[in-house]
Amino acid sequence: MHALIAASSGATFPVLTALVVTPILGAVVLLLMPASRPEHFKQVAFLISAVVGAMSAWVMFEFETGAAASFQFVDRADWIEGLGISWALGIDGISLWLVVLTGALFPLAIVAINAEHTPKAYFSWILVLEAGCMGVFLALDLFAFFVFFEIVLVPMYFLIAQWGHGDRAYAATKFFLYTMFGSAFMLVGILATAFLTAAETGNALTFDLVEIAESQALATTTARWIFLSFALAFAVKVPLFPVHTWLPDAHTNAPTAGSVILAGVMLKLGTYGFLRFGIYLFPEAAVYFAPLMLTLGTIGILYGAIAATMQRDLKRLVAYSSVAHLGFIIIGTFALNTEGIEGGILQMVNHGVSTGALFLLVGMLYERRHTRQISELGGLQKPAPIFAAVFMVVMLSSIGLPGLNGFVGEFLTLIGAFAAHRWWAVVAASGVVIAALYLLWAYQRVFHGPAEGENATMKDLTLSEGLVMLPFLAAIVFMGVYPKPVLERMEPAVDALIAHVEANVDGFHEAEADELHPIELDDLEHLESDDADHGEGE
Amino acid sequence: MTLSVLAAEAVSGGSSVVHDANWFLENAWLIPLLPAVSFLLILFFGKRMPKQGAEIGIAAVGLSLILAVLTGFAWLDHRDNFEVPGTEEHALVVEADGSAGSDELTLTAAAEEESDEHAETDEHADEGHEASHPYVAVQNSTQWLQSGGIEFNAGILVDGLSVMMLFMVSLVSLLVHIYSTDYVGGDRRYTHFFAFLSLFTASMLFFVVSDNILQMIVGWELVGVCSFVLIGHWWEEKPNSDAALKAFLTNRVGDIGLLVGMITLFFAAGGGLTFDTITINSEIVAGNVSHTALVVAAASLMAAVMSKSGQFILHTWLPDAMAGPTPVSALIHAATMVVAGIFMVARLYPVFFEGMQIGGSSINLLATVGAITLVFGGLLAFVQDDIKKVLAYSTVSQLGYMAMALGVGAWTAAVFHLFTHAFFKANLFLGSGSVAHAVHSFDMKKDMGGMRKFMPKTYVTFIIGSLALAGIFPLAGFWSKDEILVGTGGWGLFGGTGGNGAYTFHLTMGMIGAGLTAAYMTRAIYLTFHGEYRGGHHDEAHGEDADHDDAHAHGDPHESGPRILVPLYILSGFAILAGLLNLPSGFQLVPDSWQERFGHFIEPAGASYFPVIGHGGPSWSLAIVSSAIAVGGGLFAFYYYFVRVDRMSKQLGESLTGLPDGLTSRNSLARVGHKVLVEKYYLDHLYTGVIAGFTKGPLARAAYWVNQNVIDRAVDTAGTTSVRAGRVIYDRIDQGAIDGLIDGTGKASDASGQGLRHINSGKVQNYAAILFAGAALLAGAFIIILAL
């Protein structure tokens with residue numbers, strides 16, 4: 001699909017490299033700063049992340065919608081020549097919004113929360129984290145991708161272990177080992193992909209994403225095994241049921257900024273990986289394993305929602321809700337049609353905004369009340385009406401209320417899933433209800449009722465906190481009311497990806513909505529055998 | 001793709017939709033927009049306004065009403081005088097022969113070669129039928145977003161149904177706004193209350209003008225959220241908050257059905273290309289959609305109707321929703337939002353007509369659910385002590401009538417009943433609020449009685465509303481209820497009424513319901529307004545009014561002020577007169593040109609997007625029998641309360657609410673029945689105790705247990721050794737590198753640099769080493785597997 005790489009859109013400034021390198025330089029600057037004025041660390045970190053945010057906004061405006069199918073702003077340089085590894089960064093319609101999300105979320109997470117101690121190291125790690133996330137979304141080289149994918153681990157590990165709460169050492173280690181377990185398989189997969197492709201094609205060894213994907217040189221069985229190795233790494237990152245158990249621990253014990261970034265950006269490394277490296281590199285395997293992924297996604301939706309229902313800790317509840325939301329994204333992605341994948345990408349951004357905001361709010365709540373136990377809270381709407389209102393809007397967006405961002409993505413996902421595999425869509429739709437159950441129930445217990453004790457005197461949202469929440473609310477409403485510009489920019493890339501799958505998988509046709517007309521529900525057995533055929537491959 | 005061609009033809013050909021019409025019809029989107037703007041204005045500036053935002057809401061909804069009225073007149077003109085360009089070329093035009101009284105289908109389908117002749121005939125034929133002008137809706141839409149070739153549009157569909165809804169919603173909303181300025185005056189969240197009234201009005205209007213099913217979903221959800229917020233307006237008290245949650249969650253259950261049903265329609269009838277209501281309906285009418293798909297869609301949507309429109313067995317949230325302020329109950333839970341389900345069925349009627357096989361049948365899901373609801377709801381109204389709960393169950397019962405009417409094919413009757421019911425039920429709710437405002441309670445048995453002495457004006461309006469509700473001639477409810485009974489086609493005397501099938505069971509249920517309605521309203525009137533005043537002891541625990549700064553908080557109850565009474569007068573006026581809008585055709589006492597005006601202007605008869613349905617002819621004998629049943633039910637209750645209870649009260653010298661040796665104390669079967677009613681058929685026990693309890697309790701716990709003890713245990717066990725290794729890394733990096741780094745930061749920047757170098761030189765390499773060692777091992781395993 002990316003056979004034509006746009007000639008860097010006329011931009012001479014290597015903006016994508018700057019997106020990755022600036023935060024790293026920022027971290028270095030922070031480390032070199034004298035420790036006598038600790039308040040400066042936050043300001044500098046914010047400034048740097050704001051610069052990165054501004055650059056990503058610039059990329060968004062300069063991005064050519066018409067050429068969204070091909071990579072733009074491409075930076076390419078040899079890195080390790082002998083092994084065919086290059087520093088290749090590029091952006092297309094799929095990664096654009098994730099880059100923008102990353103650029104926007106980091107400054108907000110930095111400015112919203114003060115480091116509880118040792119700000120120098122804290123903000124340095126956050127900036128390193130930003131660099132890693134940017135790198136993952138921009139990398140066009142398998143090796144570079146892997147490096148960034150791993151870099152992300154380290155700062156998050158330290159953020160949880162150093163600035164976390166509760167059983168933070170356990171949570172951090174669990175997070176680290178879980179992810180590393182997956183990554184190890186992926187490294188093997190990457191090496192095998194590169195070497196086996198080189199062997200099959202007879203070309204020089206290369207880790208170039210586009211080149212490998214377009215060659216499609218691997219044997220079917222081999223590609224399926226390698227896909228699994230990638231899928232494992234991504235599944236842990238997403239996280240998919242049943243490898244999700246690190247997530248609630250990590251979230252609960254992480255500092256607020258860590259949770260915001262973890263939910264907002266890092267979980268998308270997995271879902272993005274499925275799109276860019278799973279489906280693009282191994283289209284046949286993706287089609288082959290789609291029923292499995294859909295099943296896991298559906299289980300995740302229901303399971304995450306049910307588990308969230310019984311949580312007593314507000315933050316843990318939000319964490320489990322992520323498992324359910326990410327299940328939706330997976331369903332959309334593996335519907336393998338335009339609506340599903342677009343809905344999935346949109347949901348990635350939506351989830352980043354909504355859940356990021358929820359974690360921020362829970363963090364603010366914790367700062368005030370020093371507890372997140374739902375049973376100890378109550379009646380907060382009385383002392384803190386604005387806080388409650390903001391929480392309500394964010395929560396409704398998470399539930400998928402029409403008019404707010406969550407609905408559009410969820411609906412597109414359902415349409416896509418319905419076109420491809422309707423019974424999964426029907427089950428997934430019921431997840432919508434449970435989402436309302438756990439979130440509204442929690443809202444009721446926390447904000448309604450009489451406010452007693454410390455609850456009665458809780459401080460409302462301050463002006464600066466309000467200013468932090470404002471971009472979230474704006475995004476929630478804007479993307480709910482007018483998602484067109486967002487979808488427009490991703491559509492060519494999504495179409496190209498599907499065309500790539502169609503071109504490389506015999507007998508696969510995008511389960512397009514309009515091809516279903518007229519639905520012959522009369523013959524359900526026929527449909528089910530169709531699904532089964534998908535499952536068995538060719 | 002045949003569909004797209006067809007769709008394009010249907011839209012551009014102008015057979016039942018046009019895009020150019022009167023300005024008001026084309027710009028009806030302004031009507032929901034005004035209250036939406038008002039919502040934002042009140043939210044941001046309301047508190048600073050002299051009337052704290054209420055004036056913004058009233059002005060906006062007032063303007064909406066004016067626009068709705070003008071749109072209504074524009075529609076009347078459009079309906080009768082609009083000439084479809086190139087009519088003769090389009091076979092889809094169906095001639096509507098308004099002549100009633102015949103048992104046959106009165107629509108002659110697609111008289112291709114005749115339609116042009118008819119188009120030339122005079123607009124007002126001697127018989128008063130305007131058969132010549134086809135029913136042409138007005139559509140105006142714009143693209144919202146686009147994905148994979150599917151266009152998601154936003155737009156308006158203006159036809160008789162939506163024009164009627166626009167008028168009704170904006171009128172009731174305006175009256176409720178005015179009423180509320182007094183009723184919730186001085187409330188702690190007065191501005192907030194008006195903001196959400198505006199938002200609700202906007203959402204509801206947005207819903208009824210939708211031209212596509214996606215937009216309907218949006219409106220549907222938005223009204224649900226407003227309902228949630230407004231029910232929980234006094235959220236400090238747990239029951240209110242619980243009621244709000246229950247309402248929202250019950251409706252979410254229906255929403256699964258809504259999503260699945262609408263998506264099924266989108267694929268089956270919209271061809272996976274369009275959400276357009278007209279196209280979907282037209283495709284179904286044209287017979288291009290598989291029957292099974294329609295069955296699935298209709299059954300799924302049925303769940304949504306049951307939850308939103310309070311149909312048995314998902315009605316339980318509606319009585320609880322009375323925890324909200326009374327104006328909210330009147331607007332949302334009587335007149336507008338709860339009829340959203342009915343409206344949806346009416347709007348997507350082909351889906352149900354075909355999917356449920358309404359024509360020519362004698363039983364189907366929709367009609368039967370409606371019939372059961374109307375009787376079961378009516379029975380529950382008997383055992384309520386809370387006047388609002390009586391009215392709530394009455395609403396459930398009346399919604400059952402509407403659903404049943406749609407189920408038996410009496411489309412116009414259902415929509416007409418929706419229209420009249422909105423006025424008299426809003427009237428009754430606001431009347432009950434007027435009483436409650438005076439006595440600070442809704443409990444008829446404890447705090448009311450004899451209110452007619454204190455509030456004669458409220459009393460009169462309440463009587464009018466009750467008579468209309470009970471279907472007493474010639475008030476509004478009589479006409480609409482009679483039409484529903486006619487529409488069942490189950491009446492066999494004197495030649496019968498005709499219709500779409502022979503729904504005898506449903507006719508019987510409707511008759512029983514008529515008797516029940518009159519009886520429970522008589523009981524409510526006695527308990528509230530007659531006998532002696534039983535209140536006077538104001539304990540502050542009583543619900544909503546406890547927080548009002550009301551000058552009349554102590555002493556005897558007073559009549560309410562003009563801002564409460566005027567809305568009651570207006571609604572009473574409609575309760576008396578609205579029925580005259582649709583006098584039955586063949587009603588010999590009035591000129592023909594007065595007959596079936598409502599049906600003529602509202603029902604899209606002959607439009608390509610509406611199925612060909614039969615119309616029952618009115619029957620004097622049916623009207624007389626059903627009236628007799630209603631009067632009989634009323635008299636029965638009258639005898640019990642106004643005669644026997646009254647006599648006993650006078651003997652004992654206290655104001656009784658029932659006979660001390662009533663039926664329930666003498667007859668064990670009656671006692672069981674009474675208990676079942678008091679417990680509301682035990683449905684709430686089933687939902688909250690069994691189902692929700694199971695989900696929140698054992699199921700969630702089991703899931704979590706699996707999570708913690710199976711998945712996590714495996715992870716933990718497998719990882720124990722690795723954790724130990726990780727601990728080493730943690731300790732060393734944590735204690736070594738980072739602490740060193742932290743210590744270093746206390747000194748010069750130079751020292752930090754050393755810390756950085758420290759990381760570079762040592763610990764991270766450990767990490768990398770472990771990673772790569774693991775990878776190498778796995779790589780080996782992998783290569784062996786691949787080689788096999």
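Q: Which residue is the bridge partner of B:Val17 in strand 4 of chain B?
A: In this predicted model, local features need pLDDT of at least 70 and side-chain atom pairs count only at pLDDT 80 or more, while totals for chains, interfaces and linings use all residues. Strands are DSSP runs (E, at least two residues) numbered from the N terminus, and strand 1 of chain B runs parallel to strand 4 (residues 137-147), joined by two bridges. The partner of B:Val17 in strand 4 of chain B is B:Ala137.

Q: Which are the edge strands of the open sheet with the order 1-4-5 in chain B?
A: This sheet has three strands with mixed pairing, where two strands pair if DSSP finds at least two bridges between them. Each edge strand pairs on one side only; they are strand 1 (17-18) and strand 5 (150-158) of chain B.

Q: Which helix gives the largest share of the largest nonpolar core?
A: A nonpolar core is a set of buried Ala, Val, Leu, Ile, Met, Phe, Trp, Tyr and Cys residues joined through side-chain atoms within 4.5 Å; buried means under 20% relative accessible area (1.4 Å probe, protein chains only). The core has 439 residues, and B:Trp411 is among those that touch the most other members. With 18 residues, the largest share comes from chain B, helix 18 (residues 411-439).

Q: How many disulfides does the structure hold?
A: A disulfide is a pair of cysteine sulfur atoms within 2.5 Å. A:Cys133 is buried at a relative accessible area of 0%, and B:Cys226 is buried at 1%. Over all chains, the number of disulfides is zero.

Notes: Residues are numbered from 1 along each chain as its sequence is written. Chains are lettered from A and ligands numbered from 1 in the order in which they are written. Side-chain values use heavy atoms; hydrogens and water are left out. Buried means under 20% relative accessible area, exposed over 50%, partly exposed in between (1.4 Å probe, protein chains only). Helices (H or I, at least four residues) and strands (E, at least two) are DSSP runs, numbered from the N terminus.
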